[in-house]
Amino acid sequence: MDRWEGKVAVVTGASSGIGAVIVKELAKAGMVTIGLARRVERIQQLKTQLSEEAAGRLYAMSCDVSKEDSINSTFAEIVDKFGGVDVLVNNAGVVRETALLADDGAQPLKDILEINVLGLTLCTRKAFKSMKQRNVAGHIVHINSIAGHKVLNFPHMNMYSASKYAVTAITETMRNELREQGSKVKVTSISPGVVKTEIVDGLDDHKDFPKLECEDIAHAVLYVLGTPPHVQVHELTIKPVGEGF
């Protein structure tokens, strides 16, 4: 991680769960870390859990990744205040129990796609533009899911799996596009199994499953960022011991 010291990392969905732990770990590792979320006060509270030095590297900015205007204005502010983006961690995502695909009600399905797919793509576009303009060999990390590689038998999570399959496809598409451009920017998909978070704990179907800790995913982010410049971890799958998927 030495080569990232003092560089700028942006993490979406940083107010709780996996994102909150990732921003703390990146700040402790020496990166200027910007946590994006709608609940910025929760990111500010994370400073109390860090040393004074690490807390001074953690910044909170308001951003709703389901809104293109919010993404555009937030990344413009990041470029203005911090010079650009060196690392982007696309962590923002929603897990919702939706109606069956054959039932009525489109809005919950749209919400999932807007955040998990379009939000991720638009944030990636802004971050890569910053990296390309400054000729930075940056790194883009998508927090994906095992549900992006296998459709799990949870009928009311239908669009969630579809959204994560899209992230898998986007990651491969990016790898091809970056190669064709001769870019040194890396792209990595990290696909955890069930992780113990506020969202998952609220879903009845997941209460008794083996679970990963948020720290496990944050450490995976540090691992992929810490690889040498010529090494790209394209897909990293992490499962808790005993998981049946």
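The exercises below, each with a worked solution, concern helices and strands in a predicted model.

**Exercise 1.** Work out what span helix α5 (residues 107–133) should have at 1.5 Å a residue, and set this against the distance between its end C-alpha atoms.

*Solution.* Begin with the 27 residues of α5, which at 1.5 Å a residue should span 39 Å. Next, take the end C-alpha atoms of α5, which lie 37 Å apart, so the expected span and the distance agree. Then look along the helix axis, where a kink of about 35° is centred on Glu114. Finally, look past the helix to Asn135, which follows α5 and has a positive phi, near 55°.

**Exercise 2.** Repeat the calculation for helix α8 (residues 214–225), and find which of its residues are buried and what covers them.

*Solution.* The twelve residues of α8 should span 16 Å at 1.5 Å a residue, and because the end C-alpha atoms are 17 Å apart, the two values agree. Taking buried to mean under 20% relative accessible area, the buried residues of α8 are Cys214, Ile217, Ala218, Ala220, Val221, Leu222, Val224 and Leu225. The elements that cover these residues include helix α1 and the strands β4, β5, β6 and β7.

**Exercise 3.** Describe how strand β6 is covered and how β6 pairs with β5 and with β7.

*Solution.* First, count the buried residues of β6, which are seven of seven. Second, sort them by face: Lys186, Thr188, Ile190 and Pro192 are on one side, with Val187, Ser189 and Ser191 on the other. Third, follow the pairing: β5 and β6 run parallel, joined by five bridges, and Ile140 stands opposite Val187 in β6. Last, β6 and β7 also pair in the parallel sense, over four bridges, with Thr237 in β7 as the bridge partner of Ser191.

Definitions and conventions: Residues numbered from 1 in each chain as written. Predicted model: local features only at pLDDT ≥ 70, side-chain atom pairs only at ≥ 80, totals over all residues. Heavy atoms only, no water. Helix = DSSP H or I, 4+ residues; strand = E, 2+ residues; numbered from the N terminus. Expected span 1.5 Å × (residues − 1). Bend = angle between axes of the 7 residues up to and from the residue. Buried < 20%, exposed > 50% of the residue type's maximum accessible area, 1.4 Å probe, protein only. Contact = heavy atoms within 4.5 Å. Pairing = 2+ DSSP bridges.
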